[in-house]
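Visitor: I am new to this structure. Please show me how to read its features, one at a time.

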Amino acid sequence: MNILALPALWYLRTFPGKVDESYGLIEKLNLESDLSQSNWQSLEDKMSQLSPDEFSRVISELCNGKQYNDEMEKFLQTPETEFQNVIAGAYFTRVAYLKRSGAWATELSEDQVNGMFEYLEKAEERFGKEFKTELYQMEAAAQMIGVKMNTGSKADCTFYFEKCRSINPKHFMAHNRYFRTSTPRWGGSNEAMLSLIVSTKDKPLRDLMRLMTLNEMFNDLHNEDEDTAVGIFKEQRRTLITEALQNTPIPNNDSIVSIFSKNYLGMLYNILGMNSDRDRIIGELSNRVTQYPWAYYGMHCEKDIKMFRRVGMLEV
């Protein structure tokens, strides 16, 4: 290990950074003012005008169970509405995952398991309410995939995925959540991931599914044997890698699909040793760094990535 690595790791863990899962939308919409003043009607008015993907971005950050915890708890004391139900369901889902922690399933305590399922039941109850507003219908269905990953079956996840996709075949959150159910670590398979690529009709979203699939395939190899992973990956996935590289550059816009695609393409460049392309993508991302795929390799925000690169630890 590089001699700079240990103090770098100490710094990153002592002064952790964070990812803004709204990617600037909360600031742009001045939602913190509404939250601090408990102006819930203004919050709903602004959020109800967002696109489905923008709505998902804001909900992900508001309901992460951390920064806006006090505000969300206060909001949940107000009278029940469609808007409150979808917010509550997302908030309870994230709290459930926090209760669970990041431990392996075999290492979870009884309290952790019980806490997780208690909040997942609350989330499922709220998402199971009637939603007449299409924006809320889509978000509830997409979010339910994450709930059913733990409380139901793959068939349940597929039901909610298709429900959301029937309304909006470009819905990012639905595809992102359903992709997880297709991965080997969640009981899926390489074949299931490849099938999802084929079934995704929207080209930018399909290109993202390909990049995410490549990362999962490599990470599985990396977990088995770090020394041989790159060579085996290049040999086994030559065609898929070529397809991914041919579908660049990614549109330089603020859509969630573009943001995630650039992150996953940056990691693919890193895996393949295409460091100048990787560094270019990282420079373009700025404050649009996503948690994954970087978290698989110990990085959790933009600051971590830059520090890993500075001390020669970014290469997998």
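Guide: Start with a pair of helices. The model is predicted. The axes of α13 and α15 cross at roughly 140° and come within 10 Å.

Visitor: Why do you give an angle and a distance?

Guide: Two packed helices are described by the angle between their axes and the distance between the axes. Here, the angle puts α13 and α15 in a named class, and they are therefore oblique to each other.

Visitor: Which hand does the crossing of α13 and α15 have, left or right?

Guide: α13 passes α15 in a left-handed crossing.

Visitor: Which residues meet where α13 and α15 touch?

Guide: From α13 come R210, L211, T213, L214 and M217. From α15 come L240, I241, E243 and A244. Sorted by class, this contact has 6 nonpolar, 1 polar and 2 charged residues.

Visitor: Let me try another pair. At what angle do α5 and α9 pack?

Guide: Helix α5 covers residues 52-62, and helix α9 covers residues 134-151. They pack at about 55°, with axes 10 Å apart. That angle makes α5 oblique to α9. The crossing of α5 past α9 is right-handed.

Visitor: Which residues of α5 and α9 meet?

Guide: On the α5 side, look for P52, F55, S56 and I59. On the α9 side, look for L135, Y136, M138, E139 and Q143. The class count for this contact is 6 nonpolar, 2 polar and 1 charged residues.

Visitor: And how do α11 and α13 cross?

Guide: Helix α11 spans residues 172-182. Its axis and that of α13 come within 11 Å and cross at roughly 25°. Angles under 35 degrees count as roughly parallel, so α11 is roughly parallel to α13. α11 passes α13 in a right-handed crossing.

Visitor: Which residues make the contact between α11 and α13?

Guide: α11 brings F172, H175, N176, F179 and R180. α13 brings L205, L208, M209, M212, T213 and E216. By class, the contact of α11 with α13 has 6 nonpolar, 3 polar and 2 charged residues. T213 is worth marking. It takes part in this contact with α11, and it also meets α15.

Visitor: Now the empty spaces. How much space lies in the second largest pocket?

Guide: For a pocket, ask about the volume and then the lining. The second largest pocket holds about 280 Å³ of space. It is lined by 20 residues, and the closest to its centre are P204, L205, P251, V257 and S261.

Visitor: Which helix gives the most to that lining?

Guide: α13 gives the most to the lining of the second largest pocket, with 6 residues. Both α13 (203-224) and α16 (256-272) supply at least two residues of that lining. By class, the lining has 9 nonpolar, 6 polar and 5 charged residues. L205 of α13 turns up twice in our tour: it is among the residues closest to the pocket centre, and it belongs to the contact with α11.

Visitor: How many cavities of 30 Å³ or more are there?

Guide: The count is 1 cavity of 30 Å³ or more. The largest cavity has a volume of about 40 Å³.

Visitor: Which residues line the largest cavity?

Guide: The lining is I59, S60, C63, A90, R94, Q143 and R177. α5 and α7 (82-100) each supply at least two of these lining residues. The classes are 3 nonpolar, 2 polar and 2 charged residues. I59 and Q143 should look familiar. Both line the largest cavity, and both belong to the contact of α5 with α9.

Visitor: What about the backbone? Which peptide bonds are cis?

Guide: For a peptide bond, read omega. The bond from T248 to P249 is cis, with omega near 5°. P249 lies in the loop between α15 (238-246) and α16. Another cis bond joins Y292 and P293, with omega about 15°. P293 sits in the loop between α17 (275-285) and α18 (302-310).

Visitor: One last angle. What is phi of S38?

Guide: Look at the sign as well as the value. Phi of S38 is near 55°, a positive value in a residue other than glycine. S38 is in the loop between α3 (31-36) and α4 (40-47).

Methods: Residues numbered from 1 in each chain as written. Predicted model: local features only at pLDDT ≥ 70, side-chain atom pairs only at ≥ 80, totals over all residues. Heavy atoms only, no water. Axes fitted to C-alpha atoms, helices over the stretch in contact; angles between N-to-C directions. Helix = DSSP H or I, 4+ residues; strand = E, 2+ residues; numbered from the N terminus. Parallel < 35°, antiparallel > 145°, perpendicular 65-115°, else oblique. Left-handed = near helix turned anticlockwise from the far one by under 90°. Contact = heavy atoms within 4.5 Å. Nonpolar A, V, L, I, M, F, W, Y, C, P; charged D, E, K, R; others polar. 1 Å grid on protein atoms, 1.4 Å probe; cavity = no way out; pocket = protein on both sides within 12 Å on 5 of 7 lines; lining within 4 Å. Points joined across faces, edges and corners; volume = space filled by probe spheres on them.
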